[in-house]
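Thank you all for coming; I would like to walk through one model with you this morning. Please have the sequence and the structure open while I talk.

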Amino acid sequence: MKSLLDCAKFQTHIMKSGLTPRIIDVNHLINMYSKHSVIKDVQKLFDEMPERNVFTWNAIINTYVKDKNFSIARKLFNAAPFKDYVTYNTMLSGYVNSEGFQDQAVQLFAEMQFVDKVSEYALTTMLGLVTELSLLSYGRQLHSYMLKTGNSLSRYALSSLIVMYSKCGCFRDACMVYDGSDVRFVDTVSKNTMVAACFREGELEMAQDVFSSRPQSNDEVSWNTMISGFAQNGYEEEAIQLFRRMMEEGFVWNEHSFSSVISACSGVKNLKLGKEIHVLILKEGMSLNPFLSSSLVNLYCKCGLLNYAHSVCTTTQKENPFAVTPLIVGYSETGNMLEARSLFDSLPDKNHVVWTAMISGYVKAHQREDAFQLFRELMTQKTTIPDELIFVNLLGACAIHATFNYGKQIHACILRTGTAMDAKLANSLVDMYSKSGNVTYAQRVFQLAVDIDSILYNSMIAGYALHGYENEAIQLFSQMIERDFQPDEVTFLALLSVCRHRGLVKMGEKFFFSMTKDYKISPGTDHYASMIDLYGRANQLEKAVSLMEKLPMEPDAVILGAFLNACKMNRNAELAKAAEYKLLQIEGGNGSRYAQLAGIYASEGKWNEMGRVMKMMREREAKKTAGCSWVYVGDTVHTFISGDRSHSDNDAIYTILGCLIKELPKLSSTIFLEEDLCIFC
């Protein structure tokens, strides 16, 4: 009897015949009905049985275990007059494989030891539970029990112990188990398990050694484990070479081989080989395989062929909605948010990857309001919890736009969802609060952070620098050194920023020269620009000129721009003119540079020079980036771009602005000239 219909016919025949069915026949019916989840019929058959054996009890218990009805399953288990290893193992595996029943599994395993019903299956099942929960101490106890009872010798036990120690962070113990085992029990499964453990630990050479030992025991799984391990650890070329060797050694590629090598091709953007693999997949009739289609979409997205990725996705979407995920990521990364959103909305079930891709895509495309709106939708979902990357992206958007209120709300969400506050997330919060104008909140986050690194120190020092807290910045740098955190280029850039804004020339020089002398860090263009700006603000133009002459690299637009500002502050148009040629060679299409030069000449009354620069700007059709500002009123952001009059309240705004302009000469006649005010009109 292979089908449910056959069982029903057989049962009907027995009932019509009036014969008492044999236990073996009823047991078979119970087993078949159980496989098809016809629980009422199973219970009815069980209740009507005049006689039962251990198989009967095991079958009925298994029926309710499969249905996750552990209250009835346990009652039947307790009532069973006959219990063998299968009875105990059925209940144990049910508890282990069901969320929230781990305690019952441990209690039942203790009972099994008391009645001497512990089998190899039970031990490996419990090792799986221990591995999942990372209960190393309990795993060691199980290992000890296995040694005492002689259950540590089997191949399955060996593999389970290697996996347990490896995934619980005790790779050395996993090696000891493998190395100390009898060669007779190290089969292909155990060997493959050890290779996978080596790759998880990043021990690639050891993985290669284990794989190469007794090569006759290698199978397709062994090769696929090696290819996948190299690809996942960033050794894509080695993975590709192994893929080619696999066929040369007489092994057959399968979907796992293709999936791993496509991943390797994505990592090194080997489009040619990727296309060849795609052809093989089509020839083998595997194009609808969910792993392969997703990998191919990801490959084409990484190589910039979104049309190819879309074609693969369209072909497999009905059979494999997961292929849509990498395409959404691809569109988001390239800023095509319309296509990304269309695919996103088409997904019935959305995982954290697509939520993260969409929100980070909106942030990257400067569509901040869309990012926050999507985040609000995410927070209404009960099945998906925001991950750390979503919070980091949103906090980055808040930092760029200095949106303090939104930033505080994101911080509250982090606390409410119980997201772990690691260094990366703490760094984003410190950066957001600093750039939003609240250095006190940034300081509080920094002080409460448990996982502190040099990047977090850099963010806090930069926050102090931004708000002019030079003493706090320098003290924090000293603390950073005392705690053996290594400063980098960013650290010194923040410190130089403090010095140039406060005019601390000697302190700035100390930090600048300390970079090379004490920390072997070569100053970059930003460091030289900061020093030149520091000298300019301190009216020490001669030092700025001297530094320009000693530059170890050709000055770029940043350095030349800083030098021009120094010239302007020190009213030296001649030196500015000397730097003009180099600057316009580098950024001849940037209208801001012409405006900067024109301003220097105008401040010195050199109108002919100013006119020459402005004429040059018109001839080269250089455009100055329009200024942009935004104001928050309630939860709405109002954006204003220089020269743009598209705002809905444009007339009222300009009327008020006109009134204010008329009042300015009365309030600040020493600052503004009448002709200067005309630029606002």
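Let me begin with a question: is Glu369 buried, partly exposed or exposed? Glu369 is partly exposed, because its relative accessible area is 28%, where buried means under 20% relative accessible area, exposed over 50%, and partly exposed in between, with a 1.4 Å probe and protein chains only.

Before going further, I should say that this is a predicted model, in which local features need pLDDT of at least 70 and side-chain atom pairs count only at pLDDT 80 or more, while totals for chains, interfaces and linings use all residues. Residues are numbered from 1 along each chain as its sequence is written, and side-chain values use heavy atoms, with hydrogens and water left out.

Now the chain as a whole. The chain has 39 helices and two strands, taken as DSSP runs numbered from the N terminus, with H or I over at least four residues for helices and E over at least two for strands. Of its 681 residues, 44% count as buried.

The UniProt annotation "repeat: PPR", from an unreviewed entry, covers residues 84-119, 219-253, 351-386 and 453-487; such annotations may be inferred rather than shown by experiment, and UniProt positions are given in the numbering used here, with feature names shortened. In the span 219-253 the end C-alpha atoms lie 11 Å apart, with 74% helix and 0% strand, and for residues 453-487 the end C-alpha atoms lie 10 Å apart, again with 74% helix and 0% strand.

Let me return to Glu369, which forms a salt bridge with Arg368, the closest N and O atoms being 2.2 Å apart; a salt bridge here is a side-chain nitrogen of Lys or Arg within 4 Å of a carboxyl oxygen of Asp or Glu. Its partner Arg368 is buried, with a relative accessible area of 5%. By this rule the count comes to 11 salt bridges.

Another of them joins Lys435 and Asp431, with 3.4 Å between the closest N and O atoms, and both residues lie in helix α26 (residues 423-435), four residues apart, which is about one turn of the helix. What ties Arg500 to Asp533? Their side chains meet in a salt bridge, at 2.8 Å from N to O. Arg500 lies in helix α30 (residues 489-502) and Asp533 in helix α32 (residues 525-537), so the pair ties together parts that are 33 residues apart in sequence. Salt bridges that share partners also join Arg341, Asp345 and Glu377 into one network.

Next, please look at Asn218, in the loop between α13 (204-212) and α14 (220-232). Asn218 counts as buried because its relative accessibility is 10%, and its side chain makes a polar contact of 3.0 Å with that of Lys191.

Finally, two loop residues deserve a look for their backbone. Most residues other than glycine have a negative phi. Asp116, in the loop between α7 (102-114) and α8 (120-133), has a positive phi of about 60° although it is not a glycine, and Asp116 counts as exposed at 55% relative accessibility. Ser134, placed in the loop between α8 and α9 (136-149), likewise has a positive phi, near 55°, and Ser134 counts as partly exposed at 46% relative accessibility.

Definitions and conventions. A polar contact is a pair of N or O atoms within 3.5 Å; within protein, one must be able to donate a hydrogen and the other to accept it, and residues adjacent in sequence count only if both atoms are side-chain atoms.
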